[in-house]
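Good morning, and thank you for the opportunity to present this structure to the group. I would ask you to look first at the overall arrangement of the chain, and then to follow me through some individual residues.

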Amino acid sequence: MTRIPLAGVIGYPVGHSRSPRLHGHWLREYGIAGHYVPLEIAPGDLADALDLLPRMGFRGINVTVPHKEAVLDFAAEATDRARRIGAANTLTFTETGIHADNTDGIGFLRSLAEGAPGWTPSAGPALVLGAGGAARAVLVALIDAGVPEIRLTNRTRTRADVLARDLGGPVRVIDWPDRGKGASGAALVVNTTLLGMTGQPPLDFPAEVLDPAMTVTDIVYTPLETPLLRDAAAVGCTTVDGLGMLLHQAAPGFERWFGHAPAVTPALRDAVLAP
Ligand code: ATR
C-alpha cells in the first residue's frame, strides 16, 4: 500500500504560518489524498525532527523562523541559490538525504511578473529597503535576473554592507536617511523591512520621489495595502502586494511533494486571507 503523502512547515512558533491553509487549499482543489501540517519544533529538537520526519512518511517540509539558516547544515544537497541566500525554506526528503532549496526569490519574481507585467529586470535600477533574510532572497533574485544596478539601504548600515560584500554583483549601499534619493531614476522599489506591517510603524518614505513609471512592491502582506503601496498607487505607480510572493514561493514544494504543479489563483488568495 502506498503511504499517504505528508508535508508540513516547521517553525518555533509556527501557529502564525499561513502555509497549512495554502497547501490545504491546493490539496482539496486537486483532490490529492495528502496532508500538510504545522509542526512546532524547538531549536534543540531540529536534528531529531529532520531525522524522524522522512521515516514518518513526510516527503518534505517548509521551513520558517528560526530554522531557515540551521537546516542548511543538515542538507545532503542544496541549490546554489539556497547557499548564496544562506537559508532554505523548502526541504525535500530524498533517498540520498535532504535536498534544500530557497524559493523566496523566485516567489518574489513570479509575483512581480504577475502583478507588474510591464517591469523587466533591464528596466533600470532597483532600490531595496532592508537587509534581513527576506532582503537576501530578493537581492539574489534581482542579481540573477540581471538588474543592472541595485541600491541597498538599511537602518543598520553595517548589515547592508555585509550583504553587499557577500553577494557582490551590482549592489551599492546607500545610507538610510538617503533612501528617498535612492529612488531617483529607479524602475523598482522593494520594501523588505517590517515597516508598514500591522503593529509596526509605517515606512517613512518621501512620496514626492515616486513617479508613475516605477513599480513599487512590499513583502509585507498584513495589511495588503501598506502605507507605502497606498502612496505609490496614489502617484500612479504599479504596485504589487506581498501576498503574491508568499503564494508563489510555496508552489515548487507542493509540486515536489505532491506531484502536481499548483496554480496561484484568486481563490487561493481568498483562502489564505480568510479570517
Ligand atoms: P527578515 O529576516 O524577516 O527580513 P529581520 O532580519 O528582522 O527580518 O529584518 C527586518 C528588517 O526590517 C531589517 O532590515 C531591519 O533593519 P535593521 O537591520 O536596522 O534592524 C528592518 N527594520 C525593522 N524595524 C525597523 C525600524 N523601526 N526602522 C527601520 N528599519 C527597521
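Let me begin with a term: two residues are in contact when heavy atoms of theirs lie within 4.5 Å. With that meaning, eleven residues of domain 1 are in contact with 15 residues of domain 2. Please keep in mind throughout that this is a predicted model.

Where do the two domains run? According to the domain assignment, domain 1 covers 6–102 + 249–273, while domain 2 covers 105–241. Their C-alpha centres are 26 Å apart.

I turn now to the interface between them. The size of an interface is often given as the accessible area lost when the parts come together. For domain 1 and domain 2, the buried area is about 1,000 Å², and carbon and sulfur atoms give 54% of that area.

How many salt bridges cross the interface of domain 1 and domain 2? The rule finds two. As for polar contacts, the rule finds three residue pairs across this interface. Three helices, α3 (80–85), α8 (243–258) and α9 (266–273), each supply at least two residues of the side of domain 1 that touches domain 2. Of that side, α3 gives the largest share, with three residues. In character, the residues on this side of domain 1 comprise four nonpolar, three polar and four charged.

One salt bridge deserves a closer look here. R84 pairs with D144, and their closest N and O atoms are 2.8 Å apart. These two residues also belong to a network of salt bridges in which D80, R84 and D144 are linked.

Let us move on to other salt bridges. By the rule applied here, the count comes to 15. I have chosen several to describe.

The pair of R55 and D51 has an N to O distance of 2.6 Å. Both residues lie in helix α2 (residues 46–55), four residues apart, or about one turn of the helix. Is R55 buried or exposed? With a relative accessible area of 54%, R55 is exposed, because exposed means over 50%. Its partner D51, at 43%, is partly exposed.

A further salt bridge joins D104 to K68, with the closest N and O atoms 3.0 Å apart. D104 is in helix α4 (residues 104–115) and K68 is in the loop between β3 (58–63) and β4 (77–78), so this pair ties together parts that are 36 residues apart in sequence. D104 has a relative accessible area of 12% and is buried.

The pair of D204 and R179 has an N to O distance of 3.8 Å. D204 sits in the loop between β10 and β11, and R179 in the loop between β9 and β10, so the pair ties together parts that are 25 residues apart in sequence. D204 counts as exposed, at 57% relative accessibility, whereas R179 is buried, at 12%.

What else does the side chain of R179 reach? It reaches the backbone oxygen of W176 at 2.8 Å, and also the backbone oxygen of D204 at 2.9 Å. Leaving aside residues up to four places away in sequence, R179 touches L127, L129, T153, I174, D204 and F205.

Two other buried residues complete this part. L152 is in strand β8 (residues 150–153). Its relative accessibility is 0%, so L152 counts as buried. Again leaving aside residues up to four places away in sequence, the residues that L152 touches include V128, G130, L139, A160 and L163. The C-alpha atoms of L152 and L273 are 31 Å apart in space, and these residues are 121 residues apart in sequence.

H25 lies in helix α1 (residues 19–29). At 13% relative accessibility, H25 is also counted as buried. Beyond residues up to four places away in sequence, H25 touches T265, A267, L268 and A271.

I close with the backbone. Most peptide bonds are trans. Which peptide bonds should we note as cis? One is the bond from Y12 to P13, with omega near 0 degrees; P13 lies in the loop between β1 (6–11) and α1. Another is the bond from T222 to P223, with omega near 5 degrees; P223 is placed in the loop between β11 (215–218) and α7 (227–235).

Thank you for your attention.

Conventions:
Residues numbered from 1 in each chain as written. Predicted model: local features only at pLDDT ≥ 70, side-chain atom pairs only at ≥ 80, totals over all residues. Heavy atoms only, no water. Domains from an automatic or database assignment. Buried area = accessible area lost by both parts, 1.4 Å probe. Salt bridge = Lys/Arg side-chain N within 4 Å of Asp/Glu carboxyl O. Polar contact = N/O pair within 3.5 Å; in protein donor to acceptor, adjacent residues only side chain to side chain. Nonpolar A, V, L, I, M, F, W, Y, C, P; charged D, E, K, R; others polar. Buried < 20%, exposed > 50% of the residue type's maximum accessible area, 1.4 Å probe, protein only.
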